[in-house]
Amino acid sequence: MGNIVQVKPIFRIDAPSAEDLDAFHRDGFVAYPEVFSDEALKGFIDEIHSREQVTDYFKNNNKGEPDEHGMNIRPWNNKGPWSDQLFDASLVTALLQSIIGENFQFCHSTMHIKMRGGKGIQPHMDHHHWFHNNPVNIAERDKWYVQMLYYPNGFKGGDASLAVISGSPRIVPVPGKQSHYDTLEEMLEGVGNEQAGCELKVKH
């Protein structure tokens with residue numbers, strides 16, 4: 001038998017609060033700042049930096065200048081013991097079961113790395129069942145499609161940082177389009193407020 005690596009829990013909490021779930025159903029997302037334990041955060045980052053694809057990427061981008069596209073590994077299969085917990089930790093299981101129910105399945109995992117100052121992307125809706133017309137996609141369109149995003153190094157404005165449109169998950173996507181809207185400004189003009197049932201606002 002191979003060596004079994006024993007690691008401590010990766011997150012500081014094991015389950016969402018009632019307020020967390022209310023926020024998810026109201027805004028379409030819930031955020032957990034500094035949810036990694038100190039030991040887990042260091043172990044997770046060291047684990048990522050030990051991967052050959054990652055070290056090669058940083059060697060090729062060592063001038064300190066932001067690259068345009070970053071590095072994308074999909075599917076991300078060469079996880080380590082810390083990374084594995086991103087998908088089966090108690091907090092993750094409790095969140096998904098509270099939102100979806102007892103039974104759920106994972107679609108895929110991706111590791112994406114960008115240099116500081118990298119470019120962001122246009123507003124879009126990540127619900128792949130709306131962008132394909134296979135029978136399974138049509139059957140799953142009105143069900144949950146939950147993304148879990150982890151930022152171990154954090155981010156700030158200008159670092160291709162994440163901006164979430166509170167309430168936007170209630171807007172039905174248009175098949176074949178990444179969004180109803182071509183720009184962030186168009187999305188925030190108020191046209192979608194009625195369908196969303198609230199005022200669409202950016203939250204960083």
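When I say contact today, I mean heavy atoms within 4.5 Å of each other. With that in place, let me start from a single residue, S83, which, leaving aside its neighbours within four places in sequence, is in contact with F44, E47, I48 and W76. Please keep in mind throughout that what we are looking at is a predicted model.

S83 sits in helix α4, which covers residues 81–88. Is S83 buried or exposed? Its relative accessible area is 1%, and because buried means under 20%, S83 counts as buried.

Before I go further into that region, let me step back to the whole chain. There are eight helices and four strands in the protein chain, and, read from the N terminus, the elements follow the order α-α-α-β-α-α-β-α-β-α-α-β. Of the 204 residues, 30% are buried. If we take the contacts with a separation of 6 or more, 73% of them are between residues 24 or more positions apart.

Now back to α4. The buried residues there are W82, S83, Q85 and L86, and since they cover an arc of only 150 degrees around the axis, they lie on the same side of α4. What covers them? The elements over the buried residues of α4 include α2 and α5, the latter being residues 90–99.

Let me take α2 and α4 as a pair. Two packed helices are described by the angle between their axes and the distance between those axes. Here the axes of α2 and α4 come within 8 Å and cross at roughly 115 degrees, which makes α2 roughly perpendicular to α4. Which residues make this contact? From α2 they are E39, A40, G43, F44, E47 and I48, and from α4 they are P81, W82, S83 and L86. Sorted by class, the contact of α2 with α4 has six nonpolar, two polar and two charged residues.

Next, the charged pairs. How many salt bridges does the structure hold? There are four, and I will go through three of them, beginning with E39, a residue we have just met in the contact with α4. The side chain of E39 meets that of K8 in a salt bridge, at 3.5 Å from N to O. These two come from distant parts of the chain, 31 residues apart, with E39 in helix α2, residues 38–49, and K8 in the segment before α1, which is residues 18–27. E39 is partly exposed, with 44% relative accessibility.

The second bridge is between R12 and D38, whose side chains meet at 2.9 Å, N to O. This pair also links distant parts of the chain, R12 lying in the segment before α1 and D38 in helix α2, 26 residues apart. R12 is partly exposed, at a relative accessible area of 49%, whereas D38, at 61%, is exposed.

The third one stays inside a helix: K42 forms a salt bridge with D46, and their closest N and O atoms are 2.8 Å apart. Both residues lie in α2, four residues apart, which is about one turn of the helix. K42 is exposed, with a relative accessible area of 56%, while D46, at 40%, is partly exposed.

Let me turn to α1. The buried residues of α1 are D20, L21, A23, F24 and D27, and, seen down the axis, they fall within an arc of 155 degrees, so they line one face of the helix. On the other side of α1, A18 and E19 are exposed. What do the buried residues of α1 pack against? They pack against α5, β3 (164–166) and β4 (201–203).

Finally, a few points about the backbone. Just after α1, G28 takes a positive phi of about 95 degrees. In the loop between α1 and α2 we find E34, a residue other than glycine that also has a positive phi, near 55 degrees, and E34 is exposed, with 72% relative accessibility. The other place to look at is the peptide bond from R74 to P75, which is cis, with omega near 0 degrees, and P75 itself lies in the loop between β1 (71–73) and α4, the helix that holds S83.

Definitions and conventions. Residues numbered from 1 in each chain as written. Predicted model: local features only at pLDDT ≥ 70, side-chain atom pairs only at ≥ 80, totals over all residues. Heavy atoms only, no water. Buried < 20%, exposed > 50% of the residue type's maximum accessible area, 1.4 Å probe, protein only. Axes fitted to C-alpha atoms, helices over the stretch in contact; angles between N-to-C directions. Parallel < 35°, antiparallel > 145°, perpendicular 65-115°, else oblique. Nonpolar A, V, L, I, M, F, W, Y, C, P; charged D, E, K, R; others polar. Arc of directions from axis to C-beta.
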